[in-house]
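Let's take a walk through this one together, a stop at a time. Keep the 3D view open and turn it as you read.

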Amino acid sequence: MGAIYRREMNAFFISGVAYVFLTVFFLLSGIFFFNGVVGAGTTETSSMFGSMFIIVLFLIPILTMRLLSEEKKNRTDQGLLTAPVGLWSIVLGKYFAALTLFVIAESIVFVYSIILAYLGNVIWSTLLGNYFAMLFLGAAFIAVGLFVSSLTENQMASAIASMLALFVLYLFDSFANNVSSEIIKKLMASVSFYSRYVEFTQGVFNLSSIVFFLSTAFLFNFFTVRVLDKRRWG
Amino acid sequence: MIEVKNLTKRYGDKQAVNNISFKVEKGEILGFLGPNGAGKSTTMNMLTGYISSTSGQILINGVDILEDPKKAKSYIGYLPEIPPLYADMTVDSYLGFMYDLKKCKLPRKAHLKEVCDLCKISAVRGRIIRNLSKGYKQRVGLAQALINNPPVLILDEPTVGLDPNQIIEIRTLIKKLGKNHTVILSSHILPEIQAVCDKIIIINKGVVAADGTADEIAKNITNEHKMTLRIEGTTHTANDKQEIVDALKKIEGVKYVRADMERERGIYDYDVEAHENVDIRRAVNNLCREKGWNILMLQLSNLTLEDIFLKITMGDIVPGRDKADIVEKPAPKIELSVKDGELVANADDASDNNGGDK
C-alpha cells in the first residue's frame, strides 16, 4: 500500500492535478472566506463551510478521475494486479493519496483562522467541528469518485459521472421534499449528505453522521475492490 | 516449477483457451508459439493471475495462483504485451516503485543497478519514460519484471516492435536469464522461438496443437519421405514438365508428385512424396539416366519449424491423432513472404473447415 500511496502522491504533483486542485480550492474558499466571514464582519465560519460543500462536490471528481481509469487505459493495471499485493492495498493506497491531498487543501482554513485571530475571537469548537465534518464528507466523496473511476477507462467520463453522482446525492433533500410516502421521505433524508453536513456547520456534532460518512467511504471502497476483482473473472 | 492442468478460459460462448496442460521445469525456456489470437496472451494472463481461469489449475512453484495469489505472484516476473509503464515517471522512480510494490528485500541500490545493467538501461535511468524509444520502453518493462529476482519469468512477445539489433540483444539476454530462471515466452515469430527456447508449445485456436522440442515436433509430423527435385528436361518447355511428372508418378512407392515453380529457364522443381520407408532416390536417378534428363538438385525436405507451424495452424491438423487426414489432404496452398523478419502466410483456399468461430 505504501508504494502505491507514494506513487499516487507523486503523480498528483507531476501531472499537475494537485496544483489545479489546490489553486481552485484555495481561490474559491478564499472568496467565501472574504465575503462570508471577513466581509460580513464576523468570526463565525459556518457559512463559509456551508458554501464549501459545493466546491468539494465539484473538485473531488477532478482528484479521483484518473486514479483507476488511467491505469486501465494505459494497461498499467497489469503491473499492479500481477504484483504480490492485494486489491485492498491497491484501492486504499490510491484512496489515501487522494484523501491526503484533500486534507492539505482543507487545512487552508487554519490559515484563515490565524487571520481571524488577529481580527477577533475565533470560535475554535465550531471551526474544528466544521473542519472534521468536511474531512469526513471528503472521505465519503473520494470513495464514490474512486469507485466511478474504476468503472471506466475514460478520465472525462469518470469525472463527469462522479460529479453527477455526487450532485444527485446532494439533491436527495430536495427530492425527499416531493415524495409523498413518509417512509421513503425519511429514508431519503437519512442518506442525505447535505443535511448531515449542514448539521455540523450549525454546531451539532452528530456521531451517527460521522458513522454514516465513514461507512459510505468503506462501502464504496469495497465496491471498488469488487469491480477490480470481477474484472479478473469476466 | 510451473504446472498447468486442464486450463480453460471461456468468454461467454467463445472458448479462448481450451484444456491446456503443460509443465515447465526449473531452468527451462518454454516458447509459446501461435498465430495472433490463438490464446497466448490469455494463457499468460492466467498464469500471472491477472485474469482468472474458468476451470483448471495453475501451480507456480507448487503454489496455486487462485488459492494463494500473493505468494504465487511473488515468484513471477511478468512482462505483458504492453509494458505496464507510467509514462510520466522517470525510469529510476518507476523501478523504485516496482521495487517497493514487490516488497523486495534485496539491497536496493545494488539490485536496481544490477537490473539496469542487465537490461542496458543504465544510461537512461534519469529520463522520463514517455520520451524513451520503443526499444528502451520494452527494456524498462523487462527490467521491471526482473526486480526481486523472481524464479519465474513470463514474457509476452518480448521482442515485438524492436529493431533487429535490439531483437538479438533481448534474445541473448533471455537465453542468459534462462540459465537460472524458468522462462515462458510467447511469440508469433518462429525463428525467435527456435533460437531461444528449449521446449515449444504450438497453440492454435485455444488448444495445444503440438509440444516438445523443435526436433520432437518435427519427428511427430514428418513421417513421409519428402524431397524436392530439380530436373532438366530435354526440350526446356512445359511439355517436359508434364512428361517428368507422369514419369515420376510411375516410380514404385511414389505417393504424390507436384510440379513447382520454374526455377531456371524451362527447368522446374518437383515436390515428390514417397511412402514411408521407401527410398526412391536411386529409382529417380535411373529414370533420369534412361530419359536423358539431368538432375540439377535433390533435396530431402526436413520440415522446418515454419513448415510445421503452417501445417498445424493452417491445416487444422493435430499431429499424432489424425494421420489419415494428413495423407488424404492435399498440401494447402500457402503463399509465404517474409516481412520484417516475420513470416507471413496466406492460405489460398480459405476452406477453413473447423466449423467455426468466424
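Start at Arg196(A), which lies over the face of Phe212(A), 4.4 Å from the ring centre. Keep in mind that this is a predicted model. That ring has company: Phe212(A) belongs to one aromatic cluster, along with Phe53(A), Phe58(A), Phe141(A), Phe167(A), Tyr170(A), Phe193(A), Tyr194(A), Tyr197(A) and Phe213(A). Chain B has an arrangement of this kind too, with Arg139(B) over the face of Tyr136(B) at 4.9 Å from the ring centre.

Over all chains, the structure holds 28 aromatic pairs. Take Phe53(A) and Tyr197(A), whose rings form a tilted pair, 5.4 Å centre to centre with 45 degrees between the planes. What does this pair tie together? Phe53(A) sits in helix H3 (residues 46–73) of chain A and Tyr197(A) in helix H10 (residues 193–201) of chain A, so the two rings link parts that are 144 residues apart in sequence. Both Phe53(A) and Tyr197(A) are buried. Now look at Tyr131(A) and Phe132(A), an edge-to-face pair at 5.4 Å centre to centre, with 80 degrees between the planes. Is each of these two buried or partly exposed? Tyr131(A) has 8% relative accessibility, so it counts as buried. Phe132(A) comes in at 35%, so it counts as partly exposed.

Zoom out to chain A as a whole. It has 11 helices and 0 strands. Of its 234 residues, 52% are buried. Among the contacts in chain A with a separation of 6 or more, 77% are between residues 24 or more positions apart.

To cross over to the other chain, follow helix H11 (residues 207–233) of chain A as far as Arg232(A). Why does Arg232(A) count as buried? Its relative accessibility is 13%, and the cut-off for buried is under 20%, so it qualifies. Setting aside neighbours within four places in sequence, Arg232(A) is in contact with Lys9(B), Gly49(B), Tyr50(B), Ile51(B), Ser52(B) and Leu66(B).

Now for chain B and its sheet. Here you'll find an open sheet of 6 strands in the order S6-S7-S8-S3-S9-S10 (chain B), with mixed pairing. Strand S6 (76–79) and strand S10 (207–212) of chain B stand at the edges with a single partner strand each, so one side of each has no neighbour in the sheet. On average, neighbouring strands of this sheet are turned by 15 degrees against each other, direction ignored. Helix H1 (residues 40–47) of chain B packs on the sheet, where it touches S3, S6, strand S7 (152–156), strand S8 (182–187) and S9 of chain B. The direction of H1(B) makes about 150 degrees with that of S8(B). Within the sheet, strand S3 (residues 29–33) and strand S9 (residues 199–204) of chain B run parallel, joined by 4 bridges. Phe32(B), for one, has Ile201(B) in S9(B) as its bridge partner.

Next, find helix H5 (residues 134–146) of chain B. Its 13 residues, at 1.5 Å a residue, should span 18 Å, and the end C-alpha atoms are 19 Å apart, which agrees. H5(B) is mostly covered, with 10 of its 13 residues buried. Among them is Arg139(B), the residue over the ring of Tyr136(B). The buried residues of H5(B) pack against S6, helix H3 (91–101), helix H4 (108–119), S7 and helix H6 (164–178) of chain B. Just after H5(B), Asn148(B) takes a positive phi of about 75 degrees.

Last stop: strand S13 (residues 267–274) of chain B, where 8 of 8 residues are buried. In a regular strand, side chains alternate between the two faces of the sheet. What covers which face here? Ile267(B), Asp269(B), Asp271(B) and Glu273(B) are on one side of S13(B), with Tyr268(B), Tyr270(B), Val272(B) and Ala274(B) on the other, and all of these are buried. Strand S12 (residues 254–264) of chain B runs antiparallel to S13(B), joined to it by 7 bridges. One of the partnerships puts Tyr256(B) with Glu273(B) in S13(B). S12(B) and S13(B) form a hairpin with 2 residues between them, and Gly266(B) in the turn has a positive phi of about 70 degrees.

Conventions:
Residues numbered from 1 in each chain as written. Chains lettered and ligands numbered in written order. Heavy atoms only, no water. Pairing = 2+ DSSP bridges. Axes fitted to C-alpha atoms, helices over the stretch in contact; angles between N-to-C directions. Contact = heavy atoms within 4.5 Å. Phe/Tyr/Trp six-rings, centres within 6.5 Å; stacked < 30°, edge-to-face > 60°. Buried < 20%, exposed > 50% of the residue type's maximum accessible area, 1.4 Å probe, protein only. Lys NZ or Arg CZ within 6 Å of the ring centre and 35° of its normal. Expected span 1.5 Å × (residues − 1).
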